[in-house]
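User: Please take one part of this structure and look at it closely. I want to know what it is packed against and what it is joined to.

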Amino acid sequence: MGMIGRYLRLSAGELERAEQDPQWARKFAEELGEGARDGRSGGAWARLHGTGRAWQALDFLLRRRDFPVDVVYGEAELSGAEDWGYGPPCLIAPERVRLAAGALAELDPGRLTEGVAAADLAEARIHPHGLWTCEDALHLVTAEYRALADFLGAVATRRHGVLVWIE
């Protein structure tokens with residue numbers, strides 16, 4: 001399956017609870033994930049988001065644009081949290097989510113990949129390494145970019161924050 005970027009939308013109260021009890025946050029994320037897989041999402045789609053295999057390519061491309069918020073890895077490690085896959089989850093505070101959502105809305109997906117070929121991602125050893133063998137692979141990245149922009153836009157509208165992790 002490979003490594004996948006994950007996002008969990010949390011209200012201010014839930015962010016505070018997650019900071020006080022990281023185990024609660026993990027259990028909450030797992031329960032929402034199970035509900036979504038079982039078809040019992042009850043709105044879980046709006047609480048959870050994944051960037052699939054494009055997470056590291058998104059990071060590479062956003063860093064090239066000096067993006068103001070680390071939307072791929074998060075900005076502050078959740079203190080006391082255990083490894084959720086490839087390290088502990090990180091927080092993006094509500095005000096930083098608003099900044100990110102605004103910046104994502106201003107950056108057209110075509111500009112994100114402007115001047116970059118799939119071979120550049122392969123040369124930079126972006127995960128998953130075998131994906132970057134054809135130019136069509138960049139369409140995957142722009143599709144995931146649009147979905148992430150939509151998700152973070154909705155999170156910002158609610159004035160919520162997110163937990164981010166790679167699993």
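Analyst: The largest nonpolar core has 39 residues. A nonpolar core is a set of buried Ala, Val, Leu, Ile, Met, Phe, Trp, Tyr and Cys residues joined through side-chain atoms within 4.5 Å. Buried means under 20% relative accessible area, exposed means over 50%, and partly exposed lies in between (1.4 Å probe, protein chains only). Leu62, Phe67, Val71, Trp132, Leu152 and Val162 have the most contacts inside this core. Several elements feed it: α4 (55–64), α5 (94–106), α7 (118–123), α8 (137–157) and strand β5 each give at least two residues. Helix α8 supplies the largest share, 10 residues. Helices (H or I, at least four residues) and strands (E, at least two) are DSSP runs, numbered from the N terminus.

This is a predicted model, where local features need pLDDT of at least 70 and side-chain atom pairs count only at pLDDT 80 or more, while totals for chains, interfaces and linings use all residues. Residues are numbered from 1 along each chain as its sequence is written, and side-chain values use heavy atoms, with hydrogens and water left out.

Take Leu62 from the core. Leaving aside residues up to four places away in sequence, Leu62 touches Phe67, Val71, Leu104, Leu107, Leu112 and Tyr145. Contact here means heavy atoms within 4.5 Å. There is also a second, separate core, with 16 residues. Leu8, Leu32, Ala81 and Trp84 are among them.

Now the part to look at closely: strand β5. It spans residues 161–166, and six of its six residues are buried. In a regular strand, side chains alternate between the two faces of the sheet. In β5, Gly161, Leu163 and Trp165 sit on one side, while Val162, Val164 and Ile166 sit on the other. Both faces are covered.

What does β5 pair with? Strand β1 (residues 5–10) joins β5 through six bridges, and the two run antiparallel. Two strands pair if DSSP finds at least two bridges between them. Within this pairing, Leu8 has Leu163 as its bridge partner. Strand β4 (residues 90–92) also pairs with β5, over three bridges and again in the antiparallel sense. There, Ile92 stands opposite Val162. Val162 was met above, among the residues with the most contacts inside the largest core. Leu8 belongs to the second core.

Step back to the sheet. It is open, has five strands and runs in the order β2-β1-β5-β4-β3, with antiparallel pairing. The edges are β2 (48–52) and β3 (76–77), and each of them pairs on one side only. Strand β3 meets β4 over two bridges, antiparallel once more. Glu77 faces Cys90 of β4 there.

Next come the charged side chains. The structure holds eight salt bridges. A salt bridge is a side-chain nitrogen of Lys or Arg within 4 Å of a carboxyl oxygen of Asp or Glu. One of them joins Arg6 and Glu167, with the closest N and O atoms 2.7 Å apart. Arg6 lies in β1 and Glu167 in the segment after β5, so this pair ties together parts that are 161 residues apart in sequence. Arg6 is partly exposed, at 24% relative accessible area. Glu167 is partly exposed too, at 35%.

Another salt bridge joins Glu14 and Arg47, at 2.4 Å from N to O. Glu14 is in helix α1 (residues 12–20) and Arg47 in helix α3 (residues 44–47), so to speak of distant parts is fair: they are 33 residues apart. Both Glu14 and Arg47 are buried. Asp70 and Arg63 meet in a salt bridge as well, at 3.5 Å from N to O. Shared partners join Asp59, Arg63 and Asp70 into one network.

Finally, the whole chain. It has eight helices and five strands. Along the sequence the pattern is β-α-α-α-β-α-β-β-α-α-α-α-β, and β5 is a strand of residues 161–166. Of the 167 residues, 49% are buried. Of the contacts with a separation of 6 or more, 72% are between residues 24 or more positions apart. The C-alpha atoms fill a box of roughly 45 × 30 × 30 Å along the principal axes.
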